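Here are some notes for a first look at this structure. They are set out as numbered points, and each can be followed in the viewer.

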Amino acid sequence: MTFEKNPNRHRLIALDHQYVAPAGRVSKFDLVVDHAKDATVWDADGNSYIDFLASASAVNIGHGNPHVVAAIQQQADKLVHYISGYFYHEPAIELAKRLALLAPGNSPKKVSFSTSGSEAAEGIVKFARSYTKRSVILTFQNSWHGTTLGAASLSAIDANMHRDIGPLVPDIHHLPFPDPQKRFPNETLADFSKRYLDDLRDLFQHDIPADQIAAVLIEPIQGDAGIIMPPNDYMQGLYQLCHDNGILFCTDEINQGFGRSGKMWSIDHFNLEPDLMAVGKSLASGMPLSAVIGKVPIMDSLASPANATTTAANPICCAAGLATLDEVERLNLPQRSQQLGEFAKTQFLELQQDFPIIKQVRMIGLNGGIEFEATKSAFVTALSEYCFEHGLIMISTMDHILRFQPPLVITEEEIKTGIAIIRDGLQKLA
């Protein structure tokens, strides 16, 4: 079926363009969301869509989960907000305890709340610098850590995130990300990992002394770059290099946490314990809540009020977070993501067999990058637009990669229906 672009949609979008600054939007297509349930979204004109985006992996437990909605309503009746930077409330205390116990590893942890993933990423910089008394932070090319000034400085996926806003936060440097696709011919993953780690050792020796580096911040799976996972040998080596040199090993789980990759945390694929970890997005099913979770000595090193804000740990958001964790556990969503991810991968590989224009299918849980040749960006844009016009929300990233991150409660039938729409689009456009 083809959807009509009705006047209501046009009217609302025209108002948006009149009053909303363009810097806050990455334009994809003209979707005006009205309501949503589980893995289905309805627009302002009443059209329904299968959701292969999950609000950028912010609603892992699905839209309109009754347990979360009830928790929000009950807390709103009780207390909408009172500043947690001065005083205490039970939802924040209970959520902090659950997150500290849920974090990877056995070291005691503490939590510092904020409202966005950008703030959590910046929090890592503050905690790391305070604890180590060093200034340099290393992150990676093609990373996305947020768009506030500090988080944009950490990010390196789009030059427009840095254009005309300098000077950026100093002493932040970007390393090449160990994308296995960048191996030399006949190079093993072990040799590839060694080459990248040797380059880092050279950096320590010739450019940035290791004893000046506070932290390395890495996405264990790069999300916006197209679902890229580094080799295990690299991650183990990076972890060891950090700890041999007093550098904090920090991870960004904002996009990949809470079951998205088939495990609770994407760093669990490597069986490593971060010193600091940023979480957000699905933490409260899209409500504005994020956190830094870290080892106690590090979290105790930053003095009050260096990471306090008025609206951090809002009680409604914390209640939503507690209910979200209930549902992640009750529905066993990490395991469900792993199992359905295998099913989806099989479906996409069949699609690739029939359409060799698809260069690679990467799937880690319900978490996929469907990559086309880099020269096919216009085609991929047209394909995602076709999907939208036929009832499927699936956007492109890096211009030539389709991003597959549906709610973890999606059904096999919905996955098959969505992929059938992609197949129709490929047949018509290819």
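1. The model is predicted. Its salt bridges make a convenient start: the structure holds 16 of them. One of these joins Asp-43 to Arg-9, with the closest N and O atoms 2.9 Å apart. Asp-43 belongs to strand β2 (residues 40–43) and Arg-9 to helix α1 (residues 7–19), so this salt bridge ties together parts that are 34 residues apart in sequence.

2. Are the two partners buried or exposed? Asp-43 has a relative accessible area of 2% and is buried. Arg-9 is buried as well, with a relative accessible area of 2%. The contact also belongs to a network of salt bridges that links Arg-9, Asp-43 and Asp-45.

3. Another salt bridge is formed by the side chains of Asp-275 and Lys-295, at 2.9 Å from N to O. Asp-275 sits in the loop between β8 (248–252) and β9 (276–279), while Lys-295 is in strand β10 (residues 290–295), so the pair ties together parts that are 20 residues apart in sequence. Asp-275 counts as buried at 3% relative accessibility. Lys-295 has 15% relative accessibility; it counts as buried because the cut-off is under 20%.

4. Within helix α13 (residues 412–429), the side chains of Glu-413 and Lys-416 meet in a salt bridge, at 3.7 Å from N to O. The two residues are 3 apart in the helix, which puts about one helical turn between them. Lys-416 counts as partly exposed, at 37% relative accessibility.

5. What is the strand order in the open sheet of 4 strands? The order is β1-β2-β3-β13, and the pairing is mixed. β1 (33–37) and β13 (392–393) are the edge strands, each pairing on one side only. Between β3 (residues 48–51) and β13 the pairing is parallel, over 2 bridges. Ile-50 has Leu-392 in β13 as its bridge partner.

6. Aromatic contacts come next. A search of the whole structure finds 11 aromatic pairs. In one of them, the rings of Tyr-49 and Phe-388 have centres 5.3 Å apart and planes at 5 degrees, so the pair is stacked. Tyr-49 lies in strand β3 and Phe-388 in helix α12 (residues 377–389), so distant parts of the chain, 339 residues apart, are linked by this pair. Both rings belong to buried residues: Tyr-49 has a relative accessible area of 1%, and Phe-388 has one of 2%. Ring pairs also bring in Phe-29, which forms a cluster with Tyr-49 and Phe-388.

7. How are the rings of Tyr-86 and Phe-87 arranged? Their centres are 6.1 Å apart and their planes are at 85 degrees, so the pair is edge-to-face. Tyr-86 is exposed, with a relative accessible area of 62%. Phe-87 is partly exposed, at 46%, and is placed in the loop between α3 (66–78) and α4 (90–102). Together with Tyr-82, Tyr-88 and Ile-93, these two residues form a nonpolar surface patch with about 700 Å² of accessible area.

8. A contact between a charge and a ring is also present. Arg-195 lies over the face of Phe-184, at 3.7 Å from the ring centre.

9. Some backbone details deserve a look, because most residues other than glycine have a negative phi, and most peptide bonds are trans. The bond from Gly-166 to Pro-167 is cis, with omega near 5 degrees. Pro-167 is in the loop between α6 (149–154) and β6 (172–175). The peptide bond from Ser-304 to Pro-305 is also cis, with omega near 0 degrees, and Pro-305 is in the loop between α9 (296–299) and α10 (315–330).

10. Which residues other than glycine have a positive phi? Asn-142 is one of them, with a phi of about 65 degrees. Asn-142 lies in the loop between β5 (136–140) and α6 and is partly exposed, with a relative accessible area of 25%. Ile-227 is another, with phi near 60 degrees. Ile-227 lies in the loop between β7 (213–218) and α8 (232–244), and is buried, with a relative accessible area of 1%.

Methods:
Residues numbered from 1 in each chain as written. Predicted model: local features only at pLDDT ≥ 70, side-chain atom pairs only at ≥ 80, totals over all residues. Heavy atoms only, no water. Patch = residues over 30% accessible without salt bridge, like charges linked within 9 Å, V, L, I, M, F, W, Y side chains within 5 Å. Areas by Shrake-Rupley, 256 points an atom, 1.4 Å probe, with all protein chains shown as cover. Salt bridge = Lys/Arg side-chain N within 4 Å of Asp/Glu carboxyl O. Pairing = 2+ DSSP bridges. Phe/Tyr/Trp six-rings, centres within 6.5 Å; stacked < 30°, edge-to-face > 60°. Buried < 20%, exposed > 50% of the residue type's maximum accessible area, 1.4 Å probe, protein only. Lys NZ or Arg CZ within 6 Å of the ring centre and 35° of its normal.
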